[in-house]
Amino acid sequence: MILLITAITPEANAVLDGYSMKKIAHGSLCLYESEQETLRLLVTGPGKLSAAMAVTEYLTRYPVSDEDLFCNLGICGGSSDTPLGEGYLCASVTEATTEKSLYPELYSHPFPEARLITSDVPVTVLSDNYKHETTLPLLYDMEAYGVATALFRQVLPSRCFFYKVVSDVCDGNFPSPEAVTALIKKTLPLLLSFLKEAEQILKKRTTEQTDFTSRIQTMTKDFMSGVSFSATMERKLTGLLTYAIRSGFTKEAIFDALPKRSDTPHKKKEALMRLQALENFLLTAPKEDSYSLSTKPKKTLHRPFRHIYVEREVLQHPVTRGVLARFPSASVIPITHYKDVFNRSKQDVQAQENEPSLILASNHGTLIYPGAPVCQNFNETHFMYTSCIMNCIYNCDYCYLQGMYPGKTPVVFVNLEDYFAELDALLKKHPVYLCCSYDSDLTALSGILPHAEAFCRYALEHPTLRLELRTKSAALPFLRQLPAAKNIIMAFTFSPQEIISRYEHYTPSLRARLNTAKEAAQKGFSLRLCFDPVLDVPNAEAMYSTLVEQVFEVLTPEEITDISLGVFRLSKDYLKQLKKAKPACALSHYPYEVTNGVCHYSAMRCEQLLTSVQQALHRHKISDDQIFIWTPEES
Ligand code: SF4
């Protein structure tokens, strides 16, 4: 269902004239519905407060469904650079008095974008407050912020649209009611066709998820019939069946593998036994017949950033200016604090993956931290960690960042000078081993951001700093310009090509990573190979042994400084988030064990996986001294 929200009767008339609608709510709510019941029109009355009250009342009376879209449609004041009659989708909605802003999430659409300022009175004189800081046109209305405040409490910002048609240039010359109706009417067909298309996409997504959930519910019911499951056991069963189906097992394969039902009167005991049998089967069955890792095609490359949010504090920072120059067609939206956008609730992570935005910000407070226990410390005494970019342009299905952050939008802290000042102070006290590329892949972003190069240049000037740059990238243009330095450790993560294709979206191929690693080693940088995380997928041992062979077809043992080896692990809370972000990925539903809040494979499975990689490495004269292993006991 699409709800159009207008403020005044002449705006509403444009919709009522073109679509056959009947009034369905009386009293304080002025609501119309089309005969097909797929389109509604809410007329709020003028002003922010009326708009907020009407939308709040609507949401109370009509609960939001996953397929609903909301569009605040109306006229607005523009300026000399916004043609009369032009319709804009608004990328931000700001309350004029408080300067508080809300940010709808905008994805593929055919409209020009603008920033909208909601004022309490009609704007007749343009203020210069915002003009200097934006590349987007500024529009003025009297309702949108009220609508946004009410909607954003319940509705995903990707399902809220603010579409405004320029009716005057804020000079006090307002159009007649008939002219308002005509202006809106003209833009309506394109707007509605866009909204209907967006609704269809949403419906498809919701249907897929609902179908899957009901499939699992039916299987769970069948599995439990005749035996006695507690609520906890039922939850575990649902998790196992989700893992099974997401891994490609058929219902028949699962049920055939289970022991036959016994006539025992101990229904609970039998339930436990069947649950255990299911888990054993899923973790040990040869799955080649039902599950091919290479069936899922790799996703295509990212598009350039369409929206760049910039903290006002760093609008003039040289790094900001450099980034904006690289993306001249991006909509630049000034913000007060990166969290206003980054921490929005109910973000559409799936849409963010397909159409990424960027946030440029400044980081304050402590910027360098001690390393986390789930990270390998390589026996370094002063193992430190810093996060100058949060989120990654790659999209690995198992990535912990999806559990850590509320959205996929990368936040780039441009104030590198503050990071280096803090490092200066630390290095005066002791040597530092610093990992600067954990919460992002700095090297992958080195084509558009100076961060990777800046940290390397700092390391070149500070030999007591050992810098690790972890990457899956195959682009090292900046390293080619630098003199060799052993205190810069280029750490490449390698995975079997089947895993790259299925789970590491947008990342370069194994072959490309290997060639780049070779170049880094030959140039004279320290080279670390990371087989981390090793994933427990079908035929894992064979796949990782082949990977090691492929590595040594390109690299020699002498070129390798050391090796990091570890199985997949993730904090329990992050895994919960990962399941929401990647419900279709089998890795999110694996029956992990939990130690100190960290989810991991069983000790036996860890041992098997790690030993197989270790043995493959030994065959190439890599000694145990060169291999750093992460095991669950370290959590
Ligand atoms: S490359 Fe690393 S940081 Fe980026 S998505 Fe993959 S796992 Fe996450």
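**Group meeting: a walk through the predicted model**

Let's start with a pair of helices: helix 17 (residues 540-554) and helix 19 (residues 603-618) pack at an angle of about 25°, and their axes are 9 Å apart. That angle makes helix 17 roughly parallel to helix 19, and their crossing is right-handed. Before I go on, please keep in mind that this is a predicted model.

Who makes that contact? From helix 17 we have Ala 540, Glu 541, Tyr 544, Ser 545, Val 548 and Phe 552. Helix 19 answers with Arg 605, Gln 608, Leu 609, Ser 612, Val 613, Ala 616 and Leu 617. Sorted by class, the residues of this contact of helix 17 with helix 19 are eight nonpolar, three polar and two charged.

Now stay with helix 17, and look at what else packs on it. The axes of helix 16 (residues 510-523) and helix 17 come within 9 Å and cross at roughly 40°. That makes helix 16 oblique to helix 17. Here, too, the crossing is right-handed. On the helix 16 side you will find Leu 510, Arg 511, Leu 514, Asn 515 and Lys 518, and they meet Leu 547, Gln 550, Val 551, Glu 553 and Val 554 in helix 17. The class count for helix 16 with helix 17 is five nonpolar, two polar and three charged residues.

Between those regions there is something for the backbone fans. Which peptide bond is cis, with omega near 10°? The one from Asp 532 to Pro 533. Pro 533 belongs to strand 23 (residues 526-534). As background, most peptide bonds are trans, and most residues other than glycine have a negative phi. On that second point, have a look at Lys 346: its phi is near 60°, a positive value in a residue that is not glycine. You will find Lys 346 in the loop between helix 9 (338-342) and helix 10 (349-354).

Next, a sheet. Three strands form an open sheet in the order 25-27-26, with antiparallel pairing. Strand 25 (569-571) and strand 26 (593-595) are at the edges; each has a single partner strand, so one side of each is left without a neighbour in the sheet. On average, neighbouring strands of this sheet are turned by 30° against each other, ignoring direction. Strand 26 is joined by three bridges to strand 27 (residues 598-600), and the two run antiparallel. If you want a residue to click on, Val 594 stands opposite Cys 599 in strand 27. What packs on this sheet? Helix 18 (residues 572-581) does, touching strand 25, strand 26 and strand 27. The direction of helix 18 makes about 95° with that of strand 25.

There is another open sheet to show you, this one with five strands in the order 12-11-13-18-16 and mixed pairing. Its edge strands are strand 12 (331-335) and strand 16 (389-390), and each pairs on one side only. Strand 11 (residues 307-311) pairs with strand 12 in the parallel sense over five bridges. Within that pair, Tyr 309 has Ile 333 of strand 12 as its bridge partner.

Let's move to the ligand. Which residues surround the ligand? They are Cys 392, Tyr 394, Asn 395, Cys 396, Cys 399, Leu 401 and Lys 472. By class, this shell has five nonpolar, one polar and one charged residues.

Now over to lower residue numbers. Strand 2 (residues 21-25) and strand 3 (residues 30-34) run antiparallel and are joined by four bridges. Lys 22 has Glu 33 in strand 3 as its bridge partner. Strand 2 and strand 3 form a hairpin with four residues between them, and in the turn Gly 27 has a positive phi of about 65°.

My last stop is another helix pair. Helix 2 (residues 48-61) packs with helix 3 (residues 144-152) at an angle of about 25°, with 7 Å between the axes. That makes helix 2 roughly parallel to helix 3, and the crossing of the two is right-handed. Helix 2 contributes Lys 48, Ala 51, Ala 52, Val 55, Thr 56 and Leu 59 to the contact, while helix 3 brings Tyr 145, Gly 146, Val 147, Ala 150 and Leu 151. The contact of helix 2 with helix 3 has eight nonpolar, two polar and one charged residues.

Thanks for listening, everyone.

Notes
Residues are numbered from 1 along each chain as its sequence is written. This is a predicted model: local features need pLDDT of at least 70, side-chain atom pairs count only at pLDDT 80 or more; totals for chains, interfaces and linings use all residues. Side-chain values use heavy atoms; hydrogens and water are left out. Axes are lines fitted to C-alpha atoms, for helices over the stretch in contact, and angles run from 0 to 180 degrees between N-to-C directions. Angles under 35 degrees count as roughly parallel, over 145 as roughly antiparallel, 65 to 115 as roughly perpendicular and the rest as oblique. A crossing is left-handed if the near helix is turned anticlockwise from the far one by less than a right angle, and right-handed if clockwise. Contact means heavy atoms within 4.5 Å. Ala, Val, Leu, Ile, Met, Phe, Trp, Tyr, Cys and Pro count as nonpolar, Asp, Glu, Lys and Arg as charged, and the others, Gly among them, as polar. A residue is near a molecule or strand if one of its heavy atoms lies within 4 Å of it. Two strands pair if DSSP finds at least two bridges between them.
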